[in-house]
Amino acid sequence: MNAKLEAEQQGRRSPIRPKAPGKTKHYLTAAFILLLVWGSAVQSDSTLSELVQGFPNMLDLLREMFPPRWTYLDNILEAMLETIRMALVGTTIGALFAIPVALLCAANLIKSRWIYYPVRLLLNLIRTIPDLLLAALFVAIFGIGPLPGIFALSVFSIGLIAKLTYEALEAIDPGPLEAMTAAGANLVQIIVYGVVPQIQAHFASFTLYTFEINVRAAAVLGLVGAGGIGHYYEVTLGFFEYDKTAMIILFTLAVVLIIDYISTKLRERLL
Amino acid sequence: MIEIRNVSKTYANGTKGLNHINLTIGQGEFVAIVGLSGAGKSTLLRSMNRLHDITEGEIIIGGKSITAAKGRNLRMIRRDIGMIFQSFNLVKRTSVLRNVLAGRVGYHSTLRTVVGRFPKQDVELAFQALDRVNIAEKAYSRADELSGGQQQRVAIARVLAQEAKIILADEPVASLDPLTTKQVMDDLKRINLESGITTIVNLHFIDLARQYATRIIGLRAGEVVFDGPVSEATDEKFAEIYGRPLGKEELLEEAAV
Amino acid sequence: MTKSWNEIAPKPKKSPLRWFIYIALAAVYIWAFVGIPFGGIKETAGQVTKAIASGLFSPDWDYVYLPDGEDLLRGLLDTLAISILGTLISTIVCFPFAFWSAANMSRSRLTSGSGKILLSLIRTFPEIVMALLFIKAVGPGSFAGVLALGLHSVGMLGKLFADEVEQIDPGPSEALIAAGATRLQILRFAVLPQVLPGFMSYTLYRFEINLRSATILGVIGAGGIGTPLIFALSSRNWDRVGIILLGIIVMITVIDLISGAIRKKLV
């Protein structure tokens with residue numbers, strides 16, 4: 001009974017009602033995003049009706065792609081091998097160059113910000129340019145063939161491997177480095193005996209990961225004349241031989257998945 | 001009224017969680033279920049709203065069998081049973097108010113709630129619920145900005161907003177310190193007295209059980225080994241439930257020191 | 001006393017497999033390098049490099065804005081529009097995919113497993129090839145690029161979304177079930193509030209990637225800044241190549257900064 005009375009008294013107490021936080025910010029954000037999307041649709045001439053109209057075409061295309069022309073494999077096998085070679089050589093060159101770049105970026109090894117900030121800036125600039133664009137540039141410089149493709153992949157690999165590696169470098173255990181500094185080691189000795197053992201597995205893993213990406217990238221570099229299997233997309237699509245295109249896509253898919261699988265297994269064992 | 005008729009639960013690996021349990025819990029009771037961890041307290045509580053399925057027997061809630069209920073009927077029975085958890089189970093990054101309002105979803109169609117808008121009366125109800133656990137001023141704070149005790153009170157408010165007729169509390173104070181433990185238990189007790197909500201609490205500490213409950217049920221290895229009013233729950237009886245003399249870890253006051 | 005150290009702590013034997021691995025690795029590298037025609041570099045290479053470099057330092061500023069017709073700003077805007085719409089489409093498509101492939105959202109492993117396999121297949125399908133196919137379907141232009149990015153991004157974004165869904169705290173869902181909520185209500189009030197910030201952060205991250213991809217779509221005629229770049233390259237207009245490269249670098253850097261700042265606030 002007593003408790004009930006108490007409850008009634010509590011009920012009569014003027015209830016606390018904090019002010020609801022304003023929602024203007026949310027509405028403004030939503031309006032901004034809508035505006036962005038609407039503007040983008042206008043700018044790129046994208047309309048739903050166009051998608052609906054294009055839909056039958058897509059189905060036609062898919063129908064013409066099947067069944068794939070299996071015999072076309074003979075024609076593209078050599079190009080696929082070239083693709084893998086390009087990825088392998090490009091990744092290797094990139095990885096080699098990435099080592100000094102990564103060391104120069106690591107704030108815990110290079111004490112002077114006058115060195116590591118500019119190098120990092122340069123690295124970030126490299127990473128803004130997509131690999132296919134690099135390839136187009138190198139084709140303009142060196143002419144058509146796998147070589148510009150390899151250079152493009154190398155530059156791209158430097159950007160990626162160096163970034164991943166220097167971030168890992170900055171996370172290493174400083175203990176061994178301190179001990180070696182205390183023992184009077186110079187920078188090179190510290191790197192060889194203190195840094196390398198801590199980082200080599202990571203570095204190998206990053207390189208393999210970049211190799212996976214590069215295989216995918218190398219498969220399309222041919223579109224700008226930079227070698228590999230990508231060239232055959234233009235050949236087959238230009239002659240409306242969609243069943244051959246389907247064969248290229250399936251073959252690439254299979255190779256990429258196999259390489260991914262092997263590489264992932266290797267990386268799991270490394271770390 | 002809750003009727004538990006000959007309920008057993010056998011897990012897939014063959015272990016028996018509950019063994020032929022028969023209980024009747026009346027309207028407005030405050031029941032504490034005690035026992036060692038692994039005795040089946042949580043399993044029993046969670047079979048009452050069918051978060052766990054039983055393998056044998058039947059549980060009747062307010063005249064309807066929850067064991068046989070499906071789909072909409074099951075949800076309607078669950079709507080009348082509020083649950084409070086050891087880890088509060090709030091959505092940490094949403095506001096306290098929205099967490100309380102989540103207790104109202106059972107009253108509205110899916111379509112209406114999916115938009116995320118609740119009727120004015122619901123918001124009012126949520127505020128009243130928060131008021132009753134003295135935390136209304138935090139309505140617009142993010143749940144994870146609150147202390148553990150405050151979060152558990154938000155969970156209680158969620159159950160109040162749900163207008164549940166039964167409250168199941170599964171170790172509600174196990175992650176709280178002694179001071180907030182008292183506040184949360186006081187809240188549960190007050191609500192039990194004010195609104196006559198049947199309250200069933202799993203507790204590890206027997207002094208808490210004695211202090212707040214009107215009836216104590218002791219479980220041991222999935223069987224009811226004690227069932228009676230607090231006055232009958234002597235230290236000897238507890239020793240029987242736990243299978244050994246009472247230790248410090250069964251007493252909140254002692255464990256706190 | 002004559003015990004050698006080797007008896008006290010025997011050197012671990014190195015597996016003979018190591019040599020096999022070394023030889024295999026060497027063979028692969030020989031195969032790779034021998035197959036590359038390292039000759040055949042154009043004699044003009046040095047000149048062209050110099051020309052591009054000087055183009056970068058003396059860019060064709062007039063091209064930034066032309067009152068009528070194709071200029072740098074319009075090309076960049078087009079690129080931005082393609083990546084925004086592409087990201088939007090993929091985000092919408094990703095929602096069902098995420099819940100389909102998240103292991104904690106379905107009872108059977110088969111369901112989530114099949115979703116994950118489909119996502120990884122989409123991921124391996126390059127966007128530029130998708131763009132080629134979409135050009136055949138809807139004609140050349142930005143829209144083909146939008147569709148290509150929209151579909152390709154699903155592969156990665158869907159996986160990231162699914163991972164996010166798998167990491168949620170199951171507690172709130174349990175509380176909602178206990179309160180008598182339907183499956184959709186549980187999704188709306190227990191799952192969605194937990195995953196939404198992560199979803200938005202990943203969407204922005206994918207937007208950064210899509211912007212990079214969108215700069216090259218024009219190479220095959222799927223809209224954006226890539227088309228004028230290829231024209232400038234093939235007509236040896238190095239000053240214009242310079243300004244376009246500069247424009248791309250500036251745009252990507254600025255968008256990265258903005259997007260990164262928003263992402264930091266979200267998490």
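In chain A, residues 80-263 are 83% helix and 0% strand, and the C-alpha atoms at the two ends of that span sit 18 Å apart. Bear in mind that this is a predicted model. Chain C has a matching story to tell over residues 76-259, with 83% helix, 0% strand and end C-alpha atoms 17 Å apart. Chain B brings in a sheet of 6 strands, and chain C makes contacts with chain A as well as with chain B.

**Annotated spans**

- For chain A, the unreviewed UniProt entry puts "domain: ABC transmembrane type-1" on residues 80-263.
- For chain C, an unreviewed UniProt entry gives the annotation "domain: ABC transmembrane type-1" to residues 76-259.
- UniProt (again an unreviewed entry) also marks "transmembrane region" on chain C, at residues 20-41, 80-103, 124-151, 216-235 and 241-262.
- Take residues 80-103 of chain C: this stretch is 92% helix and 0% strand, with 35 Å between its end C-alpha atoms.
- Residues 241-262 of chain C come out as 100% helix and 0% strand, and here the end C-alpha atoms are 32 Å apart.

**Where chain C meets chain A**

- On this interface, 45 residues of chain C touch 43 residues of chain A.
- Plenty of helices of chain C pitch in: α2 (17-34), α3 (45-57), α4 (72-101), α6 (127-138), α7 (142-166), α9 (183-217), α10 (226-234) and α11 (238-266) each supply at least two residues to the side that touches chain A.
- Sorted by class, that side of chain C has 31 nonpolar, 10 polar and 4 charged residues.

**The nonpolar core**

- The largest nonpolar core holds 218 residues, and A:A136 and C:A131 are the ones with the most contacts inside it.
- Leaving out residues up to four places away in sequence, C:A131 touches C:A144, C:G145, C:A148, C:L217, C:I220 and C:A222.

**Where chain C meets chain B**

- Here 19 residues of chain C are in contact with 22 residues of chain B.
- From chain C, α8 (171-178) and α9 each put at least two residues into the side that touches chain B.
- Helix α9(C) gives the most to that side, with 8 residues.
- The class split on the chain C side facing chain B is 12 nonpolar, 5 polar and 2 charged residues.

**The sheet in chain B**

- The 6 strands make an open sheet with mixed pairing, and the order is β6-β7-β8-β3-β9-β10.
- Strands β6 (81-84) and β10 (223-229) of chain B are the edge strands; each has a single partner, so one side of each has no neighbour in the sheet.
- From one strand to the next, the twist averages 15 degrees.
- Strand β9 (residues 215-220) of chain B runs antiparallel to β10(B), and 6 bridges join the pair.
- Within that pairing, B:R215 stands opposite B:P229 of β10(B).

**A closer look at A:E78**

- You'll find A:E78 in helix α4 (residues 73-105) of chain A.
- A:E78 counts as exposed because it has 11 C-beta neighbours inside 10 Å, and the cut-off for exposed is 12 or fewer.
- A:E78 and A:G228 are 150 residues apart along the chain, yet their C-alpha atoms are separated by 8.8 Å.

Note on methods. Residues numbered from 1 in each chain as written. Chains lettered and ligands numbered in written order. Predicted model: local features only at pLDDT ≥ 70, side-chain atom pairs only at ≥ 80, totals over all residues. UniProt positions renumbered as here; feature names shortened; annotations may be inferred. Helix = DSSP H or I, 4+ residues; strand = E, 2+ residues; numbered from the N terminus. Pairing = 2+ DSSP bridges. Axes fitted to C-alpha atoms, helices over the stretch in contact; angles between N-to-C directions. Contact = placed C-beta atoms within 7 Å. Nonpolar A, V, L, I, M, F, W, Y, C, P; charged D, E, K, R; others polar. Core = buried A, V, L, I, M, F, W, Y, C linked by C-beta atoms within 7 Å. Buried ≥ 20, exposed ≤ 12 C-beta atoms within 10 Å, placed from the backbone.
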